[in-house]
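Q: Please take a close look at one helix of this model, at how its residues are placed and at what surrounds them. I would like one connected account rather than a list.

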Amino acid sequence: MAFIDFILNLAGLLLWAKWRSLPFDPIHKRTPATLVGTLRRAAPSHFRRWYLLAAIAVLLVLRALFYWQIGSATHWTGRLDLGIITLSLRSDLFGRMLLYSVFSFGLSVAVFYWWLLLLSLLAGRKVQDEPVHRLVRMQLGGIDGWPRWAKIILPFAISAFGWWLASWLLAGLAIIPGPVSAGHRLEESVVIGLGSYLVWKFVAAALLALHLLNTYVYFGKHPFWNYVNATAQNLTAPLRKIPLRAGRVDFAPVVGIAIIFLAAELTERALIWLYARLPL
């Protein structure tokens, strides 16, 4: 069931990405020669964008029905892994499965955009006009041009506020224990917000692994590899002062991957420990 959930989230994410990128489609950006041409293009383009959002809504409702019918028969429980805590939702109630379907997709969208945000942070001036980064900018929109400090705190701010809102509903449905005070709810939101940065480890490690591979295997002068090498070098910039090269072998990517996963593991354990002891 978890694999099916992953595939459906991926399908919904592709529809969402298409909805975000449709205004940048050259077909819809052409200047019409006549007023009639304008009228003929406007309706289909506008309708197509809303059609994609409607398709996502239908997907979420249909899979909630599927989970409700199949999950209750197999005694399956929907689980949402937030890194710090895991939410469990019963499959014998359609309302819970609809909530699970929406939250699961929302979590996938959030992770996707936090990954893109990290790429935006790592992108230097050399790759700002690369085709790969144009795809990142297409999804992030104006956020890509924000100051670095604003992009750094954005995952924390959105995740903390999102949990603060969701905790009212989750506590009301007895999915999580209700906070004992407003301060307790705020403390939980801060910890969940800090945990949002843990998803960066996958993109950071993937960039370093691809950079290491491209260092010893020549794949040609493709914009993708130029982008990977440039962002990976920005990621390993703090390690440049450490002698990690032995002859032609550069151990910086390997050391970087080890540091990333070690730091993420220690941070996750610390946040889990802190969350369990709230309120402070």
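A: In this predicted model, the residues Phe112, Tyr113, Leu116, Leu117, Leu119 and Ser120 of helix α4 meet His133, Val136, Gln139 and Leu140 of helix α5. Sorted by class, this contact between α4 and α5 is made up of seven nonpolar and three polar residues, with no charged residue taking part. As for the geometry behind the contact, α4 spans residues 94-122 and α5 spans residues 131-140, and their axes come within 10 Å and cross at roughly 130°. An angle of 65 to 115 degrees would count as roughly perpendicular and one over 145 as roughly antiparallel, and α4 and α5 are therefore oblique to each other. The crossing of these two helices is left-handed.

Turning to α5 itself, the residues His133, Val136, Gln139 and Leu140 are buried in this helix. When α5 is viewed down its axis, the buried residues fall within an arc of 115°, so they line one face of the helix. The background to such a pattern is that an α-helix has 3.6 residues a turn, so residues three or four places apart point the same way. The cover over the buried residues of α5 includes α4, together with α1 (2-21) and α9.

Within α5, valine 136 deserves its own description. Its relative accessible area is 3%, and because buried means under 20%, valine 136 counts as buried. Once its neighbours within four places in sequence are left aside, valine 136 is in contact with Leu116, Leu119, Ser120 and Tyr227. Of these partners, Leu116, Leu119 and Ser120 also appear among the α4 residues that meet α5. By way of distance, the C-alpha atom of valine 136 is separated by 19 Å from that of isoleucine 158, a residue 22 places away along the chain. Just after α5, glycine 141 takes a positive phi of about 65°.

Since α9 is among the elements that cover the buried residues of α5, its own packing may be added here. Helix α9 (residues 223-235) and helix α8 (residues 200-216) have axes that come within 9 Å and cross at roughly 115°, and α8 passes α9 in a left-handed crossing. The α8 residues that meet α9 include Leu207, Leu208 and His211, while the α9 residues facing them in this contact include Phe224, Trp225 and Val228. By class, the contact of α8 with α9 holds nine nonpolar and five polar residues, and no charged ones.

Notes. Residues numbered from 1 in each chain as written. Predicted model: local features only at pLDDT ≥ 70, side-chain atom pairs only at ≥ 80, totals over all residues. Heavy atoms only, no water. Axes fitted to C-alpha atoms, helices over the stretch in contact; angles between N-to-C directions. Helix = DSSP H or I, 4+ residues; strand = E, 2+ residues; numbered from the N terminus. Left-handed = near helix turned anticlockwise from the far one by under 90°. Contact = heavy atoms within 4.5 Å. Nonpolar A, V, L, I, M, F, W, Y, C, P; charged D, E, K, R; others polar. Parallel < 35°, antiparallel > 145°, perpendicular 65-115°, else oblique. Buried < 20%, exposed > 50% of the residue type's maximum accessible area, 1.4 Å probe, protein only. Arc of directions from axis to C-beta.
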